[in-house]
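The following exercises are to be worked with the sequence and the coordinates side by side. Each task is followed by a solution that proceeds step by step.

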Amino acid sequence: MAEAAVKAKAAVSADTDQELTDGFHLIIDALKLNGVKTIYGVPGIPITDFGRMAQAEGIRMLSFRHEQNAGYAAAIAGFLTKQPGICLTVSAPGFLNGLTALAHATTNCFPMILISGSSEREVVDLQQGDYEEMDQLAIAKPLCKAAYRILHAADIGIGVARAIRSAVSGRPGGVYLDLPAKLFGQIMNADAGKKSLVKVIDAAPAQIPAPAAIKRALDVLKSAKRPLIILGKGAAYAQADDAIRSFVEKSGVPFLPMSMAKGLLPDTHPQCAGAARSTVLKDSDVVMMIGARLNWLLSHGKGKNWGEPGSKKFIQIDIEPKEMDSNVEIVAPVVGDIASCIDALLAAMGGKWPAPPADWVNAVKTKREENVAKMAPRLMNNNSPMDYHGALGVLRTIVKERPDAILVNEGANTLDLARGVIDMYQPRKRLDVGTWGVMGVGMGQAIAAAIETGKPVLAVEGDSAFGFCGMEVETICRYKLPVCVVIFNNNGIYRGTDVNPAGSDPATTVFVAGARYDKMMEAFGGVGVNATSPDELKRAVNTAMDSGKPTLINAVIDPAAGSESGRIGNLNPQSALKKK
Ligand code: ADP
Ligand code: TZD
Ligand code: MG
């Protein structure tokens, strides 16, 4: 049956002699018409044949071991390409597995479409217990930007167009598209079917800022004594790299990249204030955010990290008007898409722009150099077992030598320390846990990064973080992707040293001591290496990156080296009853 279905792209009706098409093919044609080249998913009822047919029709189908990882792959594909990443799942449990990633995409402003097969409406709505019965549309709605269901083959064109436009226009986000099983087999006249398809024109229209908003922003920026620019992942997403660089350089203002905006301008750029983060947040008087939100990652724009209350003026560039004044007053809101906003700013700045006061620029530079010098010797140790700095010092050099490789990074200490230590040199090369700090994005991101960009991928993973998605090493081996996974194996979450004082069970944060994650990769034909020193780690990563072979390096990290929750231990609530 499967093979027949794949072959029969269009059938001819016996009685009327007219050429027919069906739901399966209309969905595939609608996606292809709109440039979809890749789908990430897991097969099963009712979408198994759909996957086969899509593959036969030239769409690349990446078949995962768990929908959550396929979803994270689709989400990051959206970030990397500005096209919605597509995740395909079966009904209820598969759908729910994909939903975490859909919510994550929405939270991070990544365009993604979760397409799930679903059970029959008549049975679901009367709750009569269909196979994998669930009212998926209702459940998806609060977790995404938009949710649609297509009931008739003739609506597939419009339904797919609506999903695409919803995902990428305005503030990008996740969209759910519900496809009941019956839709796939519905037939219609092939010609009418073809005419019903919609190619989305200008899916993410430019949103031009008002000239008055541009002038207001520049007036505030010009008045600053200690200005700061914060670049967020919205700026990386916008793919306006040259314009952003010109603007930052013309302004002369120190810039601070948020995690996934690192590399938009190189971290080694003379204006980069990454290594003087606390100083610039505290001491600046005007802060211009470009595609960054004043959420928890920036302490909501207030509190002790931001210096004296009332000491700041904020300028914000964002496509989402509701983002303005979300946490503090924005004195100069600039609403529009970043490319248009930066172009307008550059045009309005004219030929000459006054440099910011030299004492400020120099103070930032001095602080940065001090901090870089303080860190340098720690990165050069060759301790065995390794500490984070010794291991990261090696990876920092490797990324410097291979600036076009993509770095995927998750964990707690593994994340926070790598973000600080590893300089990035090109835009959209650093992918990580995003706004939620979610563990388990790593393998999905690594796979999508390799597929979408064709570049080598280095995934630096905490042992806990990796555990959420580790089975996808089989997927990496199956598709022979140039992914090198380095597990920072400290035997646990934050540290591997906790002891349960009450009984024989292990403490909640520790794992099997001395685990050999490298063997997992060997099980599927990839290369596994156990690295116990920075020298060994360096050799193994370089070999992997040169060969492009799927590789997993178990980097043995001192279990006592990490700290609770990495850099965000302060967010843990404290028990009033805890003994001092
Ligand atoms: P970070 O975590 O790096 O600080 P956030 O995810 O908090 O970044 O913020 C990204 C912001 O960028 C969001 O508020 C989003 O609306 C905005 N954004 C995304 N794409 C664009 C774009 N093309 N133009 C303008 N703003 C954008
Ligand atoms: N579950 C999910 C989906 N996301 C989370 N962020 C957590 C749980 C809680 N959590 C963190 O915030 S970090 C972390 C967990 C479980 C793992 C940290 O351990 P690690 O990294 O081994 O990945 P380090 O290097 O040991 O700190
Ligand atoms: Mg760990």
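**Exercise 1.** Decide whether Thr89 is buried or exposed, and describe its surroundings.

*Solution.* Thr89 has a relative accessibility of 0%, and because buried means under 20%, this residue counts as buried. It should be kept in mind throughout that the model is predicted. The next step is to place the residue in the fold: Thr89 belongs to strand 5, which covers residues 85-89. Turning to polar partners, one finds the side chain of Thr89 at 3.4 Å from the backbone nitrogen of Phe95. Finally, when neighbours within four places in sequence are set aside, the contacts of Thr89 include Val42, Ile47 and Glu67, as well as Leu114, Ile115, Ser116 and Gly117.

**Exercise 2.** Establish how strand 8 (residues 174-180) is enclosed, and which strands pair with it.

*Solution.* Begin with the general principle that side chains in a regular strand alternate between the two faces of the sheet. For strand 8, one side carries Gly174, Tyr176, Asp178 and Pro180 and the other Val175, Leu177 and Leu179, and all of these are buried. Since 7 of the 7 residues are buried, strand 8 is largely enclosed by the rest of the structure.

Next, consider the pairing. Strand 6 (residues 112-118) runs parallel to strand 8 and is joined to it by 7 bridges, with Gly117 having Leu179 as its bridge partner. Strand 7 (residues 146-149) also pairs with strand 8 in the parallel sense, over 4 bridges, and here Tyr148 stands opposite Leu177. The last step is the connection: strand 7, helix 8 (residues 156-168) and strand 8 form a right-handed β-α-β unit.

**Exercise 3.** Identify which residues of the largest nonpolar core touch the most other members, and which helix gives the most to it.

*Solution.* This core has 61 residues, of which Tyr40, Phe79, Met112, Tyr176 and Leu431 touch the most other members. Helix 4 (residues 67-81) gives the most to this core, with 9 residues. Another core, of 39 residues, lies apart from it and includes Ile86, Val90, Val160 and Ile164.

**Exercise 4.** Describe the surroundings of ligand 2 and its polar contacts.

*Solution.* Ligand 2 is surrounded by 17 residues, the closest being Tyr388, Asn413, Thr414, Gly437 and Asp463. An N or O atom in the side chain of Tyr388 lies 2.7 Å from an oxygen atom of ligand 2. From the backbone, an N or O atom of Ala412 is 3.2 Å from an oxygen atom of the ligand, and a polar backbone atom of Tyr494 is 3.1 Å from an oxygen atom of ligand 2.

Technical notes
Residues are numbered from 1 along each chain as its sequence is written. Chains are lettered from A and ligands numbered from 1 in the order in which they are written. This is a predicted model: local features need pLDDT of at least 70, side-chain atom pairs count only at pLDDT 80 or more; totals for chains, interfaces and linings use all residues. Side-chain values use heavy atoms; hydrogens and water are left out. Buried means under 20% relative accessible area, exposed over 50%, partly exposed in between (1.4 Å probe, protein chains only). Helices (H or I, at least four residues) and strands (E, at least two) are DSSP runs, numbered from the N terminus. Two strands pair if DSSP finds at least two bridges between them. A crossover is right-handed if, with the strands pointing away from the viewer, the path from the first strand over the helix to the second runs clockwise. A polar contact is a pair of N or O atoms within 3.5 Å; within protein, one must be able to donate a hydrogen and the other to accept it, and residues adjacent in sequence count only if both atoms are side-chain atoms. Contact means heavy atoms within 4.5 Å. A nonpolar core is a set of buried Ala, Val, Leu, Ile, Met, Phe, Trp, Tyr and Cys residues joined through side-chain atoms within 4.5 Å. A residue is near a molecule or strand if one of its heavy atoms lies within 4 Å of it.
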